[in-house]
Amino acid sequence: MARIAERRLRMYKAIAEAIDQEMERDNTIFVMGEDVGVYGGVFGITRGLYQKYGPEYVRDTPLSEAGVIGAAIGAAAVGMRPIVDLQFVDFIGVCFDQIFNQLAKIHYMSGGNVKLPVVITAAIGGGLSFAAHHSQVLYSIFAHVPGLKVVVPSNSYDAKGLMIQSIRDDNPVIYCIHKRLIGVPGMPCPETAITHVPEEPYTIPLGKASIKKEGEDVTIVAAALMVHRAIEAAEMLSREGIDAEIIDVRTLVPLDKDTIINSVKKTGRLLIVDEDYKSYGMTGEIAAIVAEEAWEYLDAPIRRLAVPDVPIPFSRPLEDYIIPSTEKIYKTVKEMIK
Amino acid sequence: MVVELRKETAIEMLYTMLKIRKFEETIKDIYAEGKKPVFDLSAGPIPGFVHLSAGQEPAAVGVCIHLRADDFVSAAHRAHHIAIAKGVDLKRLAAEIFGKKTGLCKGKGGHMHLFDPQKNFSCNGIVGASFPHAVGAALAYKMQGKDSVAVAYGGDGAANQGTFHEALNLAAIWKLPVIFVIEDNMWALSFPKRLSTAISRNSDRASAYGIPGVFIPDNDLFRIFEVAGEAIKRAREGGGPTLIEIETYRFYGHYVGDPERYRAKDEVEKLRAKDPINRVKEQLIQKGWLTDKEFEELVFRASAEVDEAINFARESPYPDPEEALQDVFA
């Protein structure tokens, strides 16, 4: 059997390639944000684009997030498709209104008259001792407000297909990139995040989860870095005869409820693993959906692993303690199955 | 004068001012329906808040007269006058204020959140939020190689928001075709500008961004016409942004029903004595461009147009309740 030549790309290169291929296709697409130009983006996702498209289309901006996201809204309202790099998701604090009251709601408030095809990229996640202002996940906040799609790739292949789909979507999309998956120097990522990426453009629909591993005994639902920790835990569990099914949600909005529910119907057990805060977040939402729609299939109480409700601390042992680990996933599943 | 004032233009501006005034006073009367004996904001044919702009007509008309449908206007919560001056369909505007299916936004926006992509008009419930939207539209126009411009309206209250300053800076560094219009009606709800703003003229803030800033005193339509015409022409020709501050008058409270405990009763009387409609009428009569009889005809025509729009709104159906679930995503 002929083996397809592997083209393993790091996630940031896969994303840059996606943006590049879309910009080649459609001249209404442009990128703006802090350090997206010569620097190539703090997380590398615009690398090479400035040299190719120039400063108009790959536009460095001042530190002015409310102004820039507001400008993206205005540009989108008159026919452009802006991509704005917010750098760290934690910076939403200074442009909250533009995202939550403006970007998310204008399509609805206009009775569907105004379309805002804006992609906001934002780096999420901890594990680098960046502390409470540069380590949060926060995607549940976006998911909570109607009108925003929320994308969270866990590997390079998904990152490219989801980015192309996000750019083509006529709705605002918050595209979250985990710092421990992006693959830029200085921020190590698991090997499982660096996958084959076809050179040609392709899309992955928003709202379709990915079953990373099929299993019979327990369903583990996760996103971003937690998918990789779940895979590691599943390997440990399989050595003890426990067969876990792992679902990568890939997009929080729309959420692929069917894949989750069907999995729980098969396994009877559900663990949700999340790097966001525990209360009022993704874990609670998915638990509630399963409780409402698949209660009778559950053989054990639903379990959740997430960041206990504390800000992300700086010191390594403190941070390691609060972010769900492979070990904690393993132990929790063992408790669920004994 | 960059844009010459001709008789037809002057009459058209006066007519639009009359239409705005009639519209606002009609809305005010209808707003009261169903709200007695107990004042209940949610009752009657027009529920919710209504922020009227009577007295501020010159700021809308004197600027928008220079604009085309493809020029972008963003405004804040008090924006009926600007919507009408920008050419938003009066019937669909009225229907939106009534929450009807035939409204601009199918009843989902209401009077503070009007979006008309055909006329490139929008207004916003969050004060200050819409300045950067105009910057973005102007950026898009520049990238698209068009000579369209964007006008961002806000009140003196909005000028203390960070988004105002961010928008000015972005428009200045990128030399974008944006005209920022601050309607200084002296009040941010109950808080007077003299206490809220560190300097007496917002137009002076333009100097911090290296762009022209012009202050227009006393709600002067023809001065606004002149300054805005010049700024818009400069913007179309690639000359970058301008900040215009217009001293204007808010005849009513912040919202209809506002007890206005914070301002002296005679303030409104003094402002009304300087009603811009009377002033423009006198100016046009003096120029020999208008007779009393012609004025009465304009009043009659404006009333008829407003009545027709209000009737359309009253007679239009409400949206089906289930429509609440539509339009979250495109």
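The following exchange goes through selected features of a predicted model.

Colleague: What conventions apply to the numbering and to confidence?
Modeller: Residues are numbered from 1 along each chain as its sequence is written, while chains are lettered from A and ligands numbered from 1 in the order in which they are written. As this is a predicted model, local features need pLDDT of at least 70 and side-chain atom pairs count only at pLDDT 80 or more, whereas totals for chains, interfaces and linings use all residues.

Colleague: Which helix supplies the largest share of the side of chain A that touches chain B?
Modeller: With two residues taken to be in contact if their C-beta atoms, placed from the backbone, lie within 7 Å, the contact takes 34 residues from chain A and 30 residues from chain B. Helices (H or I, at least four residues) and strands (E, at least two) are DSSP runs numbered from the N terminus, and helix 3 (65-77), helix 4 (96-103) and helix 5 (106-109) of chain A each supply at least two residues of that side of chain A. The largest share, 9 residues, comes from helix 3 of chain A.

Colleague: Is strand 5 of chain A largely enclosed or left open by the rest of the structure?
Modeller: A residue is buried if 20 or more other C-beta atoms, placed from the backbone, lie within 10 Å of its own, exposed if 12 or fewer, and partly exposed in between. Val119(A), Thr121(A) and Ala123(A) point one way from strand 5 of chain A and Ile120(A), Ala122(A) and Ile124(A) the other way, and all are buried. Since 6 of the 6 residues of strand 5 (residues 119-124) of chain A are buried, this strand is largely enclosed.

Colleague: Which residue in strand 7 of chain A stands opposite Ala123(A)?
Modeller: Two strands pair if DSSP finds at least two bridges between them, and strand 4 (residues 81-88) of chain A pairs with strand 5 of chain A in the parallel sense over 4 bridges. Strand 5 of chain A is also joined to strand 7 (residues 173-178) of chain A by 6 bridges, and these two run parallel. Opposite Ala123(A) in strand 7 of chain A stands Ile177(A).

Colleague: Which strands stand at the edges of the open sheet with the order 9-11-10-13-14 in chain A?
Modeller: This open sheet of chain A has 5 strands with mixed pairing, and strand 10 (residues 218-222) pairs with strand 11 (residues 244-248) in the parallel sense over 5 bridges. One side of each edge strand is left without a neighbour in the sheet, because each has a single partner strand; the edges are strand 9 (210-213) and strand 14 (303-307) of chain A.
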